[in-house]
Amino acid sequence: CRVFRHVFQRDIDRLLAIDALWETRARPRPLDLETCLGGRAEPSGRGAGAAAASAPASASAMLGLRDSQKQWTLEENARTFVESIRLFLETRGGEVGRLE
């Protein structure tokens, strides 16, 4: 997912190059989507196209993450982020600009 890579990899790599930002705080670690998803390139779940047919309430519910009190793993967070982007593009794709 290009959005995930842009936000969690490219932007962090760009900020890591600014040494003054990290004089008093820990440097963030860029995230690789495939590593976050346990070696899969895309999240497992119902997949593209399923959202429009059933109109799910949320990406987390669509992925079976229904316990609102549970702390999500890195993989669950990544899967939910990617699925949220997919749902948004399927339902409101006309409102999206161009990611550079």
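## Phenylalanine 81 and its ring partners

Phenylalanine 81 has a relative accessibility of 24%, which places this residue in the partly exposed class, because that class covers the range between the 20% limit for buried residues and the 50% limit for exposed ones. The model described here is predicted. Three aromatic pairs are counted in the structure. In one of them, the ring centres of phenylalanine 4 and phenylalanine 81 are 5.7 Å apart and the planes meet at 70°, so the arrangement is edge-to-face. Phenylalanine 4 belongs to helix H1 (residues 2-16) and phenylalanine 81 to helix H5, so this pair ties together parts that are 77 residues apart in sequence. Phenylalanine 4 is buried, with a relative accessible area of 2%.

Phenylalanine 81 also pairs edge-to-face with phenylalanine 8, at 5.3 Å centre to centre and with 80° between the planes. Since phenylalanine 8 lies in helix H1 and phenylalanine 81 in helix H5, the pair ties together parts that are 73 residues apart in sequence. Phenylalanine 8 is partly exposed, at 25% relative accessibility. Through ring pairs, Phe4, Phe8 and Phe81 are linked into a cluster.

## Overall architecture

The chain contains five helices and zero strands, and its pattern along the sequence reads α-α-α-α-α. Of the 100 residues in the chain, 26% are buried. The accessible surface of the chain amounts to about 6,800 Å², and carbon and sulfur atoms account for 52% of this surface.

Contacts also join residues that are well separated along the chain. Among contacts between residues at least 6 apart in sequence, 54% join residues at least 24 apart. Valine 7 and leucine 31 offer an example of a sequence separation of 24 residues, with their C-alpha atoms 9.2 Å apart in space. Valine 7 is located in helix H1 and is partly exposed, with a relative accessibility of 34%.

## Helix H5

Helix H5, which spans residues 74-92, comprises 19 residues. From its first C-alpha to its last it reaches 26 Å, close to the 27 Å expected at 1.5 Å a residue. The buried residues of H5 are Glu76, Ala78, Arg79, Thr80, Val82, Glu83, Arg86 and Leu87. Glutamate 76 has a relative accessibility of 12%, and glutamate 83 has a relative accessible area of 2%; each is buried because its value is under the 20% limit.

Within this helix, arginine 86 forms a salt bridge with glutamate 83, and the closest N and O atoms are 3.2 Å apart. The two residues are three positions apart in H5, about one turn of the helix. An α-helix has 3.6 residues a turn, so residues three or four places apart point the same way.

## Further salt bridges

Side chains of opposite charge can pair when their charged atoms come close. The structure holds four salt bridges, among them the pair within H5 formed by arginine 86 and glutamate 83. Glutamate 76, one of the buried residues of H5, forms another with lysine 70, the closest N and O atoms being 2.7 Å apart. The partners are classed separately for burial: lysine 70 is partly exposed, at 39% relative accessibility, whereas glutamate 76 is buried, at 12%.

A further salt bridge joins aspartate 19 to arginine 27, with the closest N and O atoms 2.9 Å apart. Aspartate 19 is partly exposed, at 49% relative accessibility, and arginine 27 is also partly exposed, at 45%.

## Nonpolar surface patch

Phe88, Leu89 and Val96 make up a nonpolar patch on the surface, and together they have about 240 Å² of accessible area. Valine 96 is found in the segment after H5. The relative accessible area of valine 96 is 39%, so this residue is partly exposed; it exceeds the cut-off for patch members, which must have over 30% relative accessible area.

Conventions:
Residues are numbered from 1 along each chain as its sequence is written. Side-chain values use heavy atoms; hydrogens and water are left out. A salt bridge is a side-chain nitrogen of Lys or Arg within 4 Å of a carboxyl oxygen of Asp or Glu. Buried means under 20% relative accessible area, exposed over 50%, partly exposed in between (1.4 Å probe, protein chains only). Helices (H or I, at least four residues) and strands (E, at least two) are DSSP runs, numbered from the N terminus. The expected span of a helix is 1.5 Å times one less than its number of residues. Patches are made of residues with over 30% relative accessible area and no salt bridge: like charges are joined within 9 Å, nonpolar side chains (Val, Leu, Ile, Met, Phe, Trp, Tyr) within 5 Å. Accessible areas come from the Shrake-Rupley method with a 1.4 Å probe; for residues, only the protein chains shown count as cover. Contact means heavy atoms within 4.5 Å. Rings of Phe, Tyr and Trp (its six-membered ring) pair if their centres lie within 6.5 Å; planes under 30 degrees apart count as stacked, over 60 as edge-to-face and the rest as tilted.
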